[in-house]
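Work through the exercises below with the sequence and the model open. Each task is followed by a solution in steps.

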Amino acid sequence: THTNYDYSSSSSNLNVSKNVNSLLKEAKKFLGTPYKYGGDTKSGMDCSGFVKNAFNQFNIDLPRTSKEMASRGERVSSSDAKPGDLIFFKNGGSRVINHVGIVIEVDGDDIKFIHSATSKGVSINSTKEAYYSKGFVQINRVYDRQVL
């Protein structure tokens with residue numbers, strides 16, 4: 001079912017071959033943007049502001065916080081992760097989800113993702129890194145992959 005999807009029109013479904021690449025291209029335009037808590041513009045953005053902004057380009061309206069985003073879409077196993085999926089973390093000893101990124105590449109159990117990190121702003125990291133491996137929680141697909 002599509003009950004968890006929040007599409008403003010049917011044309012907003014991400015086409016796997018074309019639109020996922022467009023989404024990743026859009027996301028990568030923000031590389032180097034500084035981290036700013038509560039920010040969602042090129043002058044500074046936090047993790048959820050970054051993700052929300054990237055998906056807005058495709059008329060996919062996500063909630064404002066990573067914790068709320070984690071309840072959207074369909075949860076998939078890390079072995080089924082695909083570029084364009086959302087990846088969630090409980091970082092810094094948090095008991096609740098407090099960080100989100102966008103999967104950009106999957107190579108076996110190494111998942112690379114783009115996100116806005118407090119230390120580096122919008123950057124690319126990997127679940128192979130101890131900090132992210134430790135905090136990893138789940139992956140969600142928030143768009144319809146059936147549209148080919």
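**Exercise 1: Helices against the sheet**

Helix 2 (residues 47-56) lies across strand 4 (86-89), strand 5, strand 6 and strand 7, and runs at about 60 degrees to strand 5. The model that shows this is a predicted one. Task: find which strands helix 1 lies across, and at what angle it runs to strand 5.

Solution.
- Locate helix 1 at residues 19-28 and strand 5 at 99-107.
- Helix 1 lies across strand 5, strand 6 and strand 7.
- The angle between helix 1 and strand 5 is about 125 degrees.

**Exercise 2: Burial of helix 2**

Task: determine how many of the 10 residues of helix 2 are buried, and which they are.

Solution.
- The cut-off for a buried residue is under 20% relative accessible area.
- By this criterion nine of the 10 residues are buried, and helix 2 is mostly covered.
- The buried residues of helix 2 are Cys47, Ser48, Gly49, Phe50, Val51, Lys52, Asn53, Ala54 and Phe55.
- For the protein as a whole, 49% of the 148 residues count as buried.

**Exercise 3: Order of the sheet**

Task: list the elements along the sequence, then give the strand order of the open sheet and name its edge strands.

Solution.
- The protein has four helices and eight strands.
- Along the sequence they follow the pattern α-β-β-α-α-β-β-β-β-β-α-β.
- Six strands make up the open sheet, in the order 3-8-4-5-6-7 and with antiparallel pairing.
- Strand 3 (74-76) and strand 7 (121-126) are the edge strands, each pairing on one side only.
- From one strand to the next, the twist averages 35 degrees.

**Exercise 4: Register of the pairs**

Task: for strand 8, state how many bridges join it to strand 3 and to strand 4, and identify the partners of Glu74 and Phe88.

Solution.
- Strand 8 covers residues 136-141 and pairs with strand 3 over three bridges, in the antiparallel sense.
- Within strand 8, Arg141 is the bridge partner of Glu74.
- Strand 8 also pairs with strand 4, again antiparallel, over four bridges.
- Here Gln138 of strand 8 is the bridge partner of Phe88.
- At another place in the sheet, strand 6 (residues 110-117) and strand 7 form an antiparallel pair over six bridges, and Ala117 stands opposite Gly121 of strand 7.

**Exercise 5: The surroundings of Ser66**

Task: decide whether Ser66 is buried or exposed, and list its contacts beyond four places in sequence.

Solution.
- Ser66 belongs to helix 3 (residues 66-69).
- Its relative accessibility is 7%, so Ser66 counts as buried.
- Outside its neighbours within four places, Ser66 is in contact with Ser48, Phe88, Ile97, Asn98, His99 and Val100.
- Across the protein, 57% of the contacts between residues at least 6 apart in sequence join residues at least 24 apart.

**Exercise 6: The largest pocket**

Task: describe the largest pocket by its volume, its central residues and the make-up of its lining.

Solution.
- The volume is about 400 Å³.
- The lining has 17 residues, and those closest to the centre of the pocket are Tyr35, Cys47, Asn98, His99 and Thr118.
- Helix 2, strand 6 and helix 4 (130-135) are the elements that give two or more residues to the lining.
- Sorted by class, the lining holds six nonpolar, nine polar and two charged residues.

Conventions: Residues are numbered from 1 along each chain as its sequence is written. This is a predicted model: local features need pLDDT of at least 70, side-chain atom pairs count only at pLDDT 80 or more; totals for chains, interfaces and linings use all residues. Side-chain values use heavy atoms; hydrogens and water are left out. Two strands pair if DSSP finds at least two bridges between them. Axes are lines fitted to C-alpha atoms, for helices over the stretch in contact, and angles run from 0 to 180 degrees between N-to-C directions. Contact means heavy atoms within 4.5 Å. On a 1 Å grid over the protein atoms alone, a cavity is a set of points where a 1.4 Å probe fits but cannot get out, and a pocket is an open set with protein on both sides within 12 Å along at least five of seven lines; lining residues have an atom within 4 Å of a point. Grid points are joined across faces, edges and corners, and a volume is the space filled by probe spheres set on the points. Ala, Val, Leu, Ile, Met, Phe, Trp, Tyr, Cys and Pro count as nonpolar, Asp, Glu, Lys and Arg as charged, and the others, Gly among them, as polar. Buried means under 20% relative accessible area, exposed over 50%, partly exposed in between (1.4 Å probe, protein chains only).
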